[in-house]
Every structure is written in C-alpha cells, then in structure tokens.
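Q: Please take a close look at a single part of this model and then work outward from it to its surroundings. I would like the strand order, the pairing and the packing set out with the criteria behind each term.

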Amino acid sequence: MPEVQVEGHPIDTILRTERLPHIFCPGCGIGPAMHAYAQAILESGIPRDGHACVSGIGCAGRVPGYLDVDSYHTTHGRAIPFAMAIALVKPDMEVTVFSGDGDLFGIGGNHFIHAARRNVDINVICINNFNYGMTGGQVGPTTPLGARATTAPYGNTEPPFNLPYLAAATGAVFVARWTALHVRQLKEAILRAMQKKGFTFIEVLSPCPVGFGSPNDIGDAIEEVWLYRERCVVDHNAYLPDVDIDLRRKDAPFVMGNFVDIDKAPFDPLAMMKKKEGE
Amino acid sequence: MSPEERVLTGNHFLLGDYACAEGAMAAGCDFFAGYPITPSSETAERLAARLPAVGAIFVQMEDELASMAALVGASLAGARAMSATSGPGFSLMMENIGMAAMMEAPCVVVNIQRGAPSTGLPTLVGQGDMMQCKWGSHGDYEIVAYSPSSPQECFDHVIKAFNTADRWRVPAFVMADELIGHMTERVVIPPADQIPRVERKRPRHKPGDPSFLHCLAEDEDLVPPIVHAGEGYRVNFDSLSHDEKGYPATFPEPHDKLVRRLVNKIRLHADQIIEYEEIFLDDAELAVIAYGCTARSARRAVNEARREGIRVGLLRLISVWPFPENRVRELSNQVKAFVVPELNLGQMSRETERFTSLPVIGVNHAGGVMMAPDPILDTIREVAKNA
C-alpha cells in the first residue's frame, strides 16, 4: 500500500497540534467526540477567541488542553460552577464544559442540577463511558446495574442515572444523546447547543475498551461500536424515563436523538434590575 | 445613601460584616459567589443589594465548593471576585483555594470565624481557622491573610486583600471573627479617588505571539502576567502541575520548579506584604502578639500593665500570613518572653515559637466568648514577675 503523507488536517486550526498525540487509549471514544466539538467550533461562526472550554478531572477532562481556545482544566467535579462564572463575566463568550460522567454526575452532580435549574448559558458535553476510566475502571453513577468494575468485582448493585431524563427534569433547554460513532449527528447537536441561549446537555456514549469493555465481556472497541451500530434507534420524541442504557442487554435498543429543544430565559443575575428599568 | 454609588464616602455606624461588603464595593468587586452561613451571611446580604445596583454580579451558589470554583473562573475572566464564609464553608473551599493558588487566580475570601471544629458554635466567636487558612489545602502553596480588629479594618482589609491578591496573583483572606463581624462601630469611608487600587500585571506580548509563555515569570517578583478569557491569547490554565506554557507537565522537575515559584513569590517578598502595628514596643521587656478581636483585649491589658509599671508592648498583627517572622526574631533580642492570647488552643503562638527560643506563653480559650483583658493582664503580671 502506498504511503500517504498529509501536511495537515482541516481540524488542525482548532487543535494545539504540538500537544499531539493525545493520551487517549486506542479505541477510546473521546477522540471522535473531541473532533465533533472542534468541527462545531469551526462551523459555529463564533470566532475562536469567543470560545472557552472548561473541564473537570478524568480522561475527558484532558480535551480542553488539546483545543486552541481559552481552556481550563479545573478540579474534579467543579467545571460547571467555574464555567458559569466565565459565562457571567464574559456573557458574549460561548462557554462549553467537556467532561466525563463520573466528574459531572458523581462528584459534580450537585453543580449540574443547579446550573440546569438556573439555566446557566453554558453547554455541557458529557462523555459517558460507564466507568471511571482514568483511575482504572471503577464503578460510577452511570455504570449499568450488574456490570463489573474494579470496585464492583461482583457486579454493580446501584441503579445508574438516566442522564437525558435527569437533564430534562432539572431544566436544560436542549438535551441530546449520541454515540461516538454518530459524529455528524453529534456535531450538529453541538452546533445547535451553541446556537441556544441557556443550559444545554449532550451525552456522548463512548467506548472505553480498557475500563469498561474488557471486564464486561464486550471485547474490543470495535465490538462496542458495533453494539451501537446494531442497536441504536433514533427517536427524537422518546419518552425520557425509558431511555436507560445497558450495553450488556442484547434485547434493548439504545435510544438516540435530540430529545429536548425549548426556549427559556437564560440565567441573568441582573434580570430583576433590568425588569425594574423597563417598568 | 444612594445604592448606585460604589463608594459610600462618609462616616458610618456600621456592622463589621457590612463593612466587609462596603470594602468590596469600594475595591471594585465585580463578582460575589457565596453560600449562606452564620456569622458571615450579612456580608452576602449587603452585597446582594449593593452589587446589582451598580451592575455587578451576585450569585448565591449551591455550596462553598461551587462558590470557590466560581471565584477562580470569574477571576480568570477578569473580574475582581470575592466570597464570604465561616469555618464549615471555609473547609469546603479548601479544594479550590488550592486551584486558585495553582492557577494563580487572584481572589478574596472573608472568613468570619466562629467556634470550631465541625459545626461548632455557629453564632459565637472563634479564631480557630488561622492555621487552616495557611495550610488547609493539600500541598505547598502560599497565601496572604489579614485579620481585622474593628469594623473599620474590615473595610480597609478587604481593599488590601483585593490589591494584594491582584499584585501577587494569590488567594487573599480576611480572617475576621464573629465578634468583629457582628460589632457595630464607626467606619470612615474615604472619597472614591483615595481608595488604593493595584492593577494586575498584564502581558507585554500581543495575542498570538508564539514567544509568549503565560506561566513564565520573567520579572524578579516571580509573578507572571495574567491573561483573561476572551482576549485572544487562547492559553491553557491547569490544576495539574504545568510548564511555562500552562500545559500539563506531571514530572518531578517542572513540578518542583512551579511549586517553588508559587511559594517563593510570597516568601521572598514577604517584607512588601507584612503589616503590623506596634504599641509600647520600643522599651518593652515583654511582647504581646495579638490579632482580630483578641487584639482589643490585649491592648487594654497592655495599657493596664504599663500603668502598673510593667514594660510590656503589643505587636498587633494586621497581616497574619505571611507571619512577621523577622520582627519576632528582632524582638527576641530585646524582650524576655512573648505572650500570645487567642481564641483557639494555640495556633499563632505555635507559629511564634518557630522564630524564637524565648518562652512563648499562650492565653487561650477554645472560643464562644470574647477574651477579657483580665486573663491577658494576669499572664503579663505573672510573666513579668518571673522574667
């Protein structure tokens, strides 16, 4: 096979290419999701200087460091309040939190529900790989019931969060779920989130062959991606209480879609002062 | 009072907690994030009314973890950011106080100390967070802290804290206590043009200049210039150990270099930061070291002892961190002992012991009530007799 050499990639303008290669394992879904986000930044019409990306701790938390935008790799679970402050001080900026399920819904769960309730004008992209990957495959708040993890060697005894249902219930104005395989739909969803004022949430189901796949007999990343491919059903009008995910159940579909797209006034701490002026 | 005015120039009869809020207003605070907690809530309540009236941001957060994270984000977006809390909230803030130190995000936290540990004495005075303030987050880092002894100093110290935080890119603390926070006294607020203001050091490089390393401290002060969100620099701020570009560098050498700089920028310039007041120390044979509400009782005790002919003086701390170690060393050549009264079981007395071989006698109570001058005076008499 002839060797193909490329000088660059169209997405390079959004990446800190001198920091590549990234740290993600072979088969990880974070790379395609990061690519979708980078592509959305390119297509957003918002200048690069107008984007900020904030993360907590974990594999997904490393993403902002690879992107050539204002980037902040904060403490575990605290990306959302950090991002909220940037969005309030610089309301013209497009602020996106890019982090993982353990970071956002384990240690950071309280911040998520309150930012959604306030309708803070930020986007939250959540890599959901069903485990704590960076620390070595521990059980987390999204690990399916019965799945094995390094801290659940006999199988997880706790029911997981249904993230789109949680986000919708707590007030998000845009809620979507795609997999790392659905790169175009994912990019479109991120673009839509960037257009919207208020709190938007996108869950990205992502293979983690090392942390989750291996102990749960899913085999390699390709097998996990095939599971997505075979069993994903797109239903934008899905009844959210029913969109639980269990990769190991052979009968249940994985429901994808842009589930919520509504308009509500975004969080503005000075809203009451402006109302007064208008009266 | 016109609520639209940032600086309420004039003479006021003001609660200490309110004076903290007015200090923030006068200092140009743009952003407050906090969580209600006795006995500091009055600071938040005052700012909830005052900040929006001048178009600035007040947010009541879901907890103090979020409050402190928001302060760091707001600071790095260019805002002068503050919070107010007390012991239990201060404990939660420790995580992101470490982040503020690591990212060199200037910010101010007022701690109206109450009796502790744990939930302790919510409505009653304590001074038990002094060591936590210095050492509470994991790892080596440096901070600056002040300790007001009056509502006037609440006002003054919040302004100092903002300026010191911006000058050295550190979190700065106003370690008040319930007694000062809930004391109402005369507070003189100067005209707006007499409020001191120190601006942050900004980069000489233009955005996009590849030679700009935003975590490189080129100046003698070891403080790198700060860039704010949205200015086009597009740099990375990291809570991980990072190199001069701000990128993760989790290796021994860059880690040691970074942590040494974070510590040395304060330790090597402590003389520019440390402030204290001296009373009768010139000919003193005995030195009392006091701060916060206890300094008021100490002053009374020292005055009484002087009337009795005891040559005792008072070193009243204005900044508590960095600690005035050189002054303690100097005094060690002059006095015969130190007396350190405080509403804890010996925190700043322990720090004093590090810099003298003389006896350091604590006058201690775990908190809940202001220390009367009497036990301090009794100790002075006792020590003077034996010295």
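A: **A sheet in chain B and its surroundings**

In chain B, five strands form an open sheet with mixed pairing, in the order E11-E13-E12-E15-E16; strands here (E, at least two residues), like helices (H or I, at least four), are DSSP runs numbered from the N terminus, and two strands pair if DSSP finds at least two bridges between them. Strand E11 (276–279) and strand E16 (360–364) of chain B form the edges, each pairing on one side only. From one strand to the next the twist averages 20°. The model is predicted, so that local features need pLDDT of at least 70 and side-chain atom pairs count only at pLDDT 80 or more, while totals for chains, interfaces and linings use all residues. Residues are numbered from 1 along each chain as its sequence is written, with chains lettered from A and ligands numbered from 1 in the order in which they are written.

Within this sheet, strand E12 (residues 286–290) and strand E15 (residues 337–342) of chain B are paired in the parallel sense through three bridges, and Val288(B) has Val339(B) of E15(B) opposite it. Two helices lie across these strands. Helix H10 (residues 292–307) of chain B crosses E11, E12, strand E13 (312–317) and E15 of chain B, at about 165° to E13(B); the angles run from 0 to 180 degrees between N-to-C directions, with axes fitted as lines to C-alpha atoms, for helices over the stretch in contact, and contact requires that the C-beta atoms of two residues, placed from the backbone, lie within 7 Å. Helix H13 (residues 373–386) of chain B lies across E12, E13, E15 and E16 of chain B, and runs at about 165° to E15(B).

The domain assignment divides chain B into domain 1 (10–194) and domain 2 (277–386), bounds that come from an automatic or database domain assignment. Taken over C-alpha atoms, the centres of domain 1 and domain 2 of chain B are 26 Å apart, and the contact takes 22 residues from domain 1 of chain B and 22 residues from domain 2 of chain B. On the side of domain 1 of chain B that touches domain 2 of chain B, at least two residues each are supplied by strand E6 (121–125), helix H5 (130–135), strand E7 (144–146), strand E8 (171–177) and helix H7 (178–181) of chain B. H5(B) gives the most to that side, with four residues. By class, the same side of domain 1 of chain B has 14 nonpolar, six polar and two charged residues, where Ala, Val, Leu, Ile, Met, Phe, Trp, Tyr, Cys and Pro count as nonpolar, Asp, Glu, Lys and Arg as charged, and the others, Gly among them, as polar.

Chain B also takes part in a sheet with chain A. This open sheet of nine strands, with mixed pairing, has the order E7(A)-E8(A)-E5(A)-E6(A)-E4(A)-E3(A)-E1(A)-E2(A)-E10(B). Strand E7 (232–234) of chain A and E10 of chain B stand at its edges with a single partner strand each, so one side of each is left without a neighbour in the sheet. Strand E10 (residues 236–238) of chain B pairs with E2(A) in the parallel sense over three bridges, and Asp238(B) in E10(B) is the bridge partner of His73(A). His73(A) in E2(A) is also the bridge partner of Ser55(A), and strand E1 (residues 51–55) of chain A runs parallel to E2(A), joined to it by four bridges. Both faces of strand E2 (residues 70–73) of chain A are covered, since Asp70(A) and Tyr72(A) on one side and Ser71(A) and His73(A) on the other are all buried. A residue is buried if 20 or more other C-beta atoms, placed from the backbone, lie within 10 Å of its own, exposed if 12 or fewer do, and partly exposed in between.

The loop between strand E9 (184–189) and E10 of chain B holds Leu222(B), whose phi, near 65°, is positive in a residue other than glycine. Leu222(B) counts as partly exposed because it has 19 C-beta neighbours inside 10 Å. Arg234(B) is placed in the loop between E9 and E10 of chain B, with a positive phi near 50°, and its 20 C-beta neighbours inside 10 Å are why Arg234(B) counts as buried.
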